[in-house]
Amino acid sequence: MSQGMLQDMKGCFNRLRTPFYYYDTALLAETLSAIKNETERRDGWHLHYAVKACATPKILQQIQRAGVGADCVSGGEIKACLENGFPANEIVFAGVGKADWEIELALKVGIQYFNVESIPELEVIAEIAGRMGKVADVSFRINPDVGAHTHAHITTGLAENKFGIAKEDMIRVIRISEQMPSVRFVGLHFHIGSQILQMDDFEALCHRINELQDRLEAEGIKVQNINVGGGLGIDYYAPDDHPVPDFKSYFDTYAKHLKLRSGQHLHFELGRAVVGQCGTLITRCLYVKQAATKQFVIVDAGMTDLIRPALYGSHHHIQNLSSSGSVLPYDVVGPICESSDVFAKDFLLPETHRGDLIALRSAGAYSEIMASRYNCRELPKAYTTEDLGIRD
Ligand code: LLP
């Protein structure tokens with residue numbers, strides 16, 4: 001998908017009520033095959049798509065058909081995966097606050113394993129599994145204390161973050177689990193953050209895992225699965241230059257620096273890199289308003305449809321699909337009664353008029369799924385390439 005392709009679809013978009021998400025399934029197919037090119041040639045490598053990025057049913061179905069598993073963080077996500085064809089035994093379940101009903105559901109349907117984040121959680125899983133006459137496979141999320149060069153709100157692998165078990169406690173936790181008959185230790189889990197573009201961050205994680213594995217080996221503890229989480233970023237500034245993320249550098253970093261033990265499986269939980277560039281939020285200019293010092297383009301999508309700019313100050317590339325006039329700086333804002341309902345400030349767009357179609361790019365991940373009904377707004381609709389009857 002490119003600006004040109006979106007412009008060609010203007011006629012079709014014009015017939016639909018805005019705002020809505022458009023998912024380019026041809027680009028998703030290309031992205032999935034780029035991932036599979038890297039993982040399938042390596043023994044024991046598996047991808048679990050991080051469902052939190054986008055759980056639109058047709059997108060989940062396409063990802064599942066590509067032979068990818070799922071990484072869930074709630075009972076709701078587990079249900080969405082099962083409804084859209086993911087086999088339970090290809091689902092892993094993470095999260096710092098799993099509720100009892102979610103643990104019961106996961107055990108009942110038979111997920112692959114839990115990514116456990118604390119000793120109290122381990123005790124609850126053991127208790128529930130025991131009561132249900134089951135053995136829960138558990139992997140421990142270890143906080144690697146590795147920083148990532150990304151936004152403070154989406155870095156997760158530092159000792160000060162709420163996620164995971166301190167690496168100093170790793171052996172103690174494994175030993176505790178060995179005493180629990182209703183629990184089986186199957187692996188270690190890590191995740192350092194999201195929207196990471198510097199491969200050295202992933203390399204630092206590899207070195208930390210190697211160190212931890214040496215400690216475990218000295219204790220005679222065997223680890224079946226290493227799960228390195230997700231985190232690979234996308235190009236929000238120039239989506240047309242990098243529609244498919246740099247999977248080669250990402251996976252090569254792990255191949256080069258992570259020392260897997262014989263027979264070990266390596267799991268990845270990518271979310272953003274799988275779906276991020278495939279989605280676009282299509283909105284319409286309602287008004288162009290000249291204020292004292294600037295011009296506002298007021299569009300019919302707001303922070304309720306795409307919260308990332310308001311929440312994290314994130315950049316999404318914006319295009320006017322209807323105009324090709326000379327460019328002017330605009331503040332592109334939504335209709336919500338909040339000053340933070342701003343998509344971009346001083347963004348250069350061709351001269352914009354009421355009724356123009358505006359595209360907010362790179363909105364496939366953490367976008368539609370984070371929509372809310374604030375101001376009693378309707379949730380945005382979603383269309384795929386097939387829904388709109390468009391072929392290559
Ligand atoms: N695994 C775990 C344990 C995670 O916490 C996450 C994301 C992922 C995998 C997937 O990470 P990805 O490959 O997508 O970077 N709402 C924020 C992003 C929050 C990410 C949360 N965890 C945003 O809009 O940027």
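**Group meeting: a walk through one predicted model**

The residues that line the second largest pocket divide into five nonpolar, one polar and six charged. I start there, and I should say at once that what we are looking at is a predicted model. The space in this second largest pocket comes to about 260 Å³, and its lining is made up of L16, R17, T18, P19, D300, D305, R377, E378, L379, P380, K381 and Y383.

Let me turn next to helix α8, which covers residues 170-178 and in which M170, V173, I174 and S177 are buried. If you look down the axis of α8, these buried residues fall within an arc of 100°, and so they line one face of the helix. As general background, an α-helix has 3.6 residues a turn, so residues three or four places apart point the same way. What covers the buried residues of α8 includes two helices, α7 (119-132) and α9 (199-218), together with the strands β6 (136-143), β7 (165-166) and β8 (183-189).

Now to the aromatic residues, where a search of the whole structure finds 16 aromatic pairs. In the pair formed by Y21 and Y23, the ring centres are 6.3 Å apart and the planes meet at 15°, and because planes under 30 degrees apart count as stacked, this pair is stacked. Both Y21 and Y23 are, in addition, buried. Elsewhere in the sequence, W45, F202, F247, Y250, F251, Y254 and F268 form one aromatic cluster.

I would like to finish with two glycines, taken in turn. G110 sits in the loop between α6 (100-109) and β5 (113-116), and with a relative accessibility of 31% it counts as partly exposed. Leaving aside residues up to four places away in sequence, G110 touches A88 and N89, while the C-alpha atoms of G110 and E90, which are 20 residues apart in sequence, lie 9.4 Å apart in space.

G325, for its part, is placed in the loop between β13 (318-320) and β14 (327-333), and its relative accessibility of 37% means that G325 counts as partly exposed. Which residues does G325 touch, if we do not count those up to four places away in sequence? They are P350 and E351, and for P350, which is 25 residues from G325 along the chain, the C-alpha atoms of the two are separated by 4.8 Å.

Definitions and conventions:
Residues are numbered from 1 along each chain as its sequence is written. This is a predicted model: local features need pLDDT of at least 70, side-chain atom pairs count only at pLDDT 80 or more; totals for chains, interfaces and linings use all residues. Side-chain values use heavy atoms; hydrogens and water are left out. Helices (H or I, at least four residues) and strands (E, at least two) are DSSP runs, numbered from the N terminus. Buried means under 20% relative accessible area, exposed over 50%, partly exposed in between (1.4 Å probe, protein chains only). Contact means heavy atoms within 4.5 Å. On a 1 Å grid over the protein atoms alone, a cavity is a set of points where a 1.4 Å probe fits but cannot get out, and a pocket is an open set with protein on both sides within 12 Å along at least five of seven lines; lining residues have an atom within 4 Å of a point. Grid points are joined across faces, edges and corners, and a volume is the space filled by probe spheres set on the points. Ala, Val, Leu, Ile, Met, Phe, Trp, Tyr, Cys and Pro count as nonpolar, Asp, Glu, Lys and Arg as charged, and the others, Gly among them, as polar. The arc is that of the directions from the helix axis to the C-beta atoms. Rings of Phe, Tyr and Trp (its six-membered ring) pair if their centres lie within 6.5 Å; planes under 30 degrees apart count as stacked, over 60 as edge-to-face and the rest as tilted.
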